[in-house]
Each structure stands twice: as C-alpha cells, then as structure tokens.
Amino acid sequence: MAIAINPSILSADFGRLAEEVQRISTADAVHADVMDNAFVPNLTFGPPVVERIVQASPIPVDAHLMINDADRHAPAYADLGCASVTFHLEASAAPIRTARELRRRGARASVAIRPATPVDGLLDILDEFDQILVMTVEPGFGGQAFLPSMMAKVRRLRTAIDAAGLSTALQVDGGISTETAGQAADAGATVLVAGSAVYGAEDPAAAIAELRTRAEQR
Ligand SMILES: O=C(CO)[C@@H](O)[C@H](O)COP(=O)(O)O
Ligand SMILES: [Fe+2]
C-alpha cells in the first residue's frame with residue numbers, strides 16, 4: 001500500500017519557513033504543529049504563520065492542533081486553506097460537530113489521541129473523520145523516542161476501519177525514523193509524520209524517499 005510521508009516543520013528552521021517547505025516538496029504534505037503552551041508545554045505559532053505556510057508550500061498543509069478549546073479554534077485553520085485539520089479528542093467537547101464544521105469549510109477532518117487515550121471513544125464515530133492520528137510520543141516536542149506500545153491502538157483502528165469499509169487515513173506522529181517506519185506501516189498506519197528524521201538529515205528529500213521505501217517494504 002502507498003504510504004504518505006508528512007514531514008513536521010517543528011524540526012525546521014523557523015526563521016526560514018518559506019525555504020524549509022520547498023526542501024520537502026517530494027513529500028505528501030507538510031505537517032504544521034500548532035501548540036498553545038496550555039494543552040502542551042510548548043508554544044509554536046498560530047493562524048498568521050499557518051496562513052504563510054499555506055501560501056509558501058508547494059504541497060498540502062496538514063495542521064496538527066495541540067491546543068485547548070479545539071471546537072472554537074479548529075475551523076479557522078480550514079478557512080486558512082489547510083488541506084487537513086487535526087484536533088485532539090481530549091481538547092474537544094463536541095468532536096462530531098467540529099469534524100462536520102471542518103468538512104463544511106473544505107478541509108479533511110482529523111482527530112488525534114494522546115498516548116494514554118484509548119481508541120474506544122472513536123470506534124463508533126469513525127465515519128465522521130477523514131483521518132485518525134495516533135500519537136506515538138507525548139505531544140509537545142520533536143525528537144522523542146517512538147512508543148511501540150501504541151501499535152496495538154493502530155492495529156485496532158486498522159481492523160475497525162477495514163471492517164466498516166472506510167478509507168480513513170491512519171496517521172502516526174512521533175519518533176518515526178527508518179528504524180520505526182516499518183513497524184508503524186505493518187500495524188496499519190498509512191500516513192507517517194517525521195520531524196527530526198527529515199529536517200535533521202543532510203538531504204531531506206533522500207530521507208523522505210528512504211522512509212517511504214522502509215514503510216512500503218515492510
Ligand atoms: O506533534 C508532534 C510533537 O508533538 C510532532 O509532529 C513532532 O514534530 C514529531 O517530531 P519527531 O518525533 O518526528 O522528531
Ligand atoms: Fe505533530
């Protein structure tokens with residue numbers, strides 16, 4: 001199966017974002033990590049910077065919102081032109097309403113779960129989403145070690161998505177490298193986010209190709 005590689009610009013040079021997105025033009029989408037210093041203990045950027053990333057990027061923008069009060073803030077990212085908008089289940093009081101609002105505004109609706117959040121709450125509402133993100137590290141920082149224990153959740157979601165005849169993308173984010181890409185794809189992930197493995201490499205395009213090969217070869 002074709003696997004998408006979405007590099008995270010969290011590991012890019014924030015002083016040269018327009019050039020940094022050009023360096024990953026062979027990827028499937030650019031992953032933009034929005035953090036509010038409340039849902040996670042880190043602060044990155046918000047709508048004005050995401051808007052510039054959308055304008056500068058030659059590939060679609062995959063926004064990952066690690067922010068509180070997702071129901072109020074997520075729809076604005078669809079209006080900015082993000083191809084997909086991921087909000088956290090833990091930060092949403094009305095995930096179905098928010099997902100429908102994202103789709104209504106033209107974005108793919110995506111929901112994420114932290115490592116300690118079980119998949120059970122999502123199993124009966126899978127068709128409301130175009131993508132599910134299983135975090136494979138605690139959200140907040142790049143460069144952390146992959147949590148292999150999360151693969152059980154990916155396998156459960158893969159089984160449920162297939163059983164329902166859906167084409168929901170299954171994304172993993174955190175600690176993805178040439179060492180871990182294969183096991184994530186083997187568990188059923190279809191979209192791999194990689195920050196340090198891509199932007200930490202001398203040649204980001206070669207790193208993207210290598211991740212894709214490892215994932216598709218598993
Ligand atoms: O959402 C996050 C972190 O919270 C990620 O998107 C990271 O940016 C991934 O970085 P690596 O673990 O691949 O270095
Ligand atoms: Fe992310």
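Modeller: Let's settle one word before we start: two residues are in contact if their C-beta atoms, placed from the backbone, lie within 7 Å. Keep in mind too that this is a predicted model.

Biologist: Fine, let's try it on S8. Which residues does S8 touch, not counting residues up to four places away in sequence?

Modeller: With those sequence neighbours set aside, S8 touches H31, D33, G142, V193, A194 and G195. S8 itself is in the loop between strand 1 and helix 1 (17–22).

Biologist: It's a loop residue, then. Is S8 buried or exposed?

Modeller: That's a matter of counting: 20 or more other C-beta atoms within 10 Å makes a residue buried, and 12 or fewer makes it exposed. S8 has 24 other C-beta atoms within 10 Å, so it is buried. Compare G143, a residue of the loop between strand 6 (131–135) and helix 6 (151–163). G143 has 13 such atoms, so it comes out as partly exposed.

Biologist: Do these two turn up in an annotation? Which residues does UniProt list for "binding site" in the unreviewed entry?

Modeller: One such list in that unreviewed entry holds S8, H64, G140, F141, G142, G143, D173, G174, G175, G195 and S196. Another "binding site" annotation there, again unreviewed, covers H31, D33, H64 and D173. That second set is spread over 143 residues of sequence, yet it clusters in space, with a largest C-alpha distance of 10.7 Å.

Biologist: And which residues does the "active site" annotation cover?

Modeller: According to the unreviewed UniProt entry, D33 and D173. The pair spans 141 residues in sequence, but their C-alpha atoms are no more than 10.7 Å apart, so they gather at one spot.

Biologist: Where in the fold does D33 lie, and what does D33 touch?

Modeller: Look at strand 2 (residues 30–35), where D33 lies. Its 25 C-beta neighbours inside 10 Å are why D33 counts as buried. Leaving out residues up to four places away in sequence, D33 touches S8, L10, T44, H64 and M66.

Biologist: Same exercise for D173: what is its place, and which residues does D173 touch?

Modeller: D173 belongs to strand 7 (residues 169–173). With 26 C-beta neighbours inside 10 Å, D173 is buried too. Its contacts, with the same sequence exclusion, are H64, L133, M135, T136 and V193.

Biologist: H64 keeps coming up. Which residues is H64 in contact with?

Modeller: Beyond its neighbours within four places in sequence, H64 is in contact with H31, A32, D33, V34, T86, A112 and D173. You'll find H64 in strand 3, and its 28 C-beta neighbours inside 10 Å make it buried.

Biologist: Now the ligand. Which residues come nearest to ligand 1?

Modeller: Of the 23 residues around ligand 1, the nearest are S8, L10, G142, G195 and S196. To read a shell like this, I ask which elements feed it and what classes it holds. Strand 2, strand 3 (61–66), strand 8 and helix 8 each supply at least two of its residues. By class, the shell has nine nonpolar, 12 polar and two charged residues.

Biologist: Let's finish with a helix. What span should helix 9 have at 1.5 Å a residue?

Modeller: Its 14 residues (204–217) should span 20 Å, and the end C-alpha atoms are 20 Å apart, which agrees. The buried residues of helix 9 are P204, A207, I208, L211, R212, R214 and A215. Down the axis of helix 9 they fall within an arc of 165 degrees, so they line one face.

Biologist: Which exposed residues sit on the face of helix 9 turned away from its buried side?

Modeller: A206 and Q217.

Biologist: And what covers the buried residues of helix 9?

Modeller: The cover includes strand 1 (4–7), helix 7 (181–187), strand 8 (191–194) and helix 8 (196–199). Strand 8 and helix 8 should ring a bell, as each supplies at least two residues of the shell around ligand 1.

Conventions. Residues numbered from 1 in each chain as written. Chains lettered and ligands numbered in written order. Predicted model: local features only at pLDDT ≥ 70, side-chain atom pairs only at ≥ 80, totals over all residues. Helix = DSSP H or I, 4+ residues; strand = E, 2+ residues; numbered from the N terminus. Expected span 1.5 Å × (residues − 1). Arc of directions from axis to C-beta. UniProt positions renumbered as here; feature names shortened; annotations may be inferred. Near = placed C-beta within 6 Å. Nonpolar A, V, L, I, M, F, W, Y, C, P; charged D, E, K, R; others polar.
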